[in-house]
Amino acid sequence: MSLVASAAFLDAYASVLNGADIIGHCARNNSHAVFETWLSDPQTVVTLAEYEPGHAPIGYTVLTSPDFPIDTDAADIELRRIYTLKQFHGGGVGQGLLRQACDDARARGHTRMLLGVWAKNVRARRFYERAGFEVVGSRSFAVGDTLYEDPVYALRL
């Protein structure tokens, strides 16, 4: 999980963010310890997409309790992470991961899914908007020493 998380983040942002910031971000946020914490938390759902044959990891999602500066309640869940390696974009892997995340959220009784996305990630924003997500707020998100103001999206499940 840690490996695919860092590879996907690097894959997504190497051409637009500072390299040292990306490396630091991945070291802090994609470590084995971070994933072990999520995997041991009964309120968190982690899903891994694998390439067949061979079971190579190519994407993943993490559903957690929301952590946004907007009003939330127990019916909300955050899609904290959804990434696929770039070579698999457009092939349905992301849609499959999102569909599974929505199914998992509904099965746990959640009625709204929230997510934050980098404002300049037009491809991702279009993906979420096509799926029915709407902007409901914003949040500050730091990568290295740079603070970004990102939209927060919501989807009624």
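## Close-up views of a predicted model

**View 1. Strand S3 (76–84), helix H4 (93–107) and strand S4 are among the elements covering the buried residues of H5.** This is a predicted model, where local features need pLDDT of at least 70, side-chain atom pairs count only at pLDDT 80 or more, and totals for chains, interfaces and linings use all residues. Numbering starts from 1 along each chain as its sequence is written, and side-chain values use heavy atoms, with hydrogens and water left out. Helices (H or I, at least four residues) and strands (E, at least two) are DSSP runs numbered from the N terminus. Cover here is a matter of contact, meaning heavy atoms within 4.5 Å. Which residues of H5 are buried? They are Ala-124, Phe-127 and Tyr-128. They sit on the same side of H5, because their arc around the axis is only 95 degrees; that arc is taken over the directions from the helix axis to the C-beta atoms. As helices go, an α-helix has 3.6 residues a turn, so residues three or four places apart point the same way.

**View 2. Arg-130 and Gly-132 mark the end region of H5.** Arg-130 belongs to helix H5 and counts as exposed at 62% relative accessibility. The labels go like this: buried is under 20% relative accessible area, exposed is over 50%, and partly exposed is in between (1.4 Å probe, protein chains only). Between the C-alpha atoms of Arg-130 and Asn-29 there are 28 Å, with 101 residues separating the two along the chain. Gly-132, just after H5, has a positive phi of about 105 degrees.

**View 3. Trp-118 and Tyr-148 come from an aromatic search that turns up 11 pairs in the whole structure.** Their ring centres are 6.0 Å apart with the planes at 85 degrees, so this pair is edge-to-face. It ties together distant parts of the chain: Trp-118 is in the loop between strand S4 (112–116) and helix H5 (122–130), while Tyr-148 is in strand S6 (residues 146–156), 30 residues apart. Phe-127 and Tyr-128 make another edge-to-face pair, at 5.5 Å centre to centre and 70 degrees between the planes. For the cut-offs, rings of Phe, Tyr and Trp (its six-membered ring) pair if their centres lie within 6.5 Å; planes under 30 degrees apart are stacked, over 60 edge-to-face, and the rest tilted. Are these four rings buried or exposed? Trp-118 is buried at 15%, and Tyr-148 is buried at 18%. Phe-127 is buried at 19%, and Tyr-128 is buried at 7%. Ring pairs also join Phe-9, Tyr-13, Phe-35, Trp-38, Tyr-60, Tyr-83, Trp-118 and Tyr-148 into a cluster.

**View 4. Leu-17 and Phe-9 sit in the largest nonpolar core, which has 41 residues.** A nonpolar core is a set of buried Ala, Val, Leu, Ile, Met, Phe, Trp, Tyr and Cys residues joined through side-chain atoms within 4.5 Å. Which members touch the most other members? Phe-9, Leu-17, Leu-79, Leu-98, Met-113, Tyr-128 and Phe-133 do. H4 contributes the most to this core, with 6 residues. A second, separate core has 5 residues, including Ile-70, Leu-114, Val-152 and Ala-154. Back at Leu-17, and skipping neighbours within four places in sequence, the contacts are Phe-9, Ile-22, Trp-118, Val-143 and Tyr-148.

**View 5. Pro-53 follows Glu-52 through a cis peptide bond.** Omega is about -5 degrees there. Pro-53 lies in the loop between strand S1 (45–51) and strand S2 (56–64). His-55 is in the loop between S1 and S2 as well. Its phi is near 60 degrees, a positive value in a residue other than glycine. His-55 is partly exposed, with a relative accessible area of 48%.

**View 6. The whole chain, for orientation, has 5 helices and 6 strands.** From the N terminus on, the order is α-α-α-β-β-β-α-β-α-β-β. The radius of gyration is 15 Å, close to the 15 Å the globule rule gives for 157 residues, so the chain is as compact as a globular protein of that length. That radius is taken over C-alpha atoms, and the rule is 2.2 Å times the number of residues to the power 0.38. The C-alpha trace spans about 40 × 35 × 30 Å along its principal axes. Buried residues account for 43% of the 157 residues. Of contacts between residues at least 6 apart in sequence, 57% join residues at least 24 apart.
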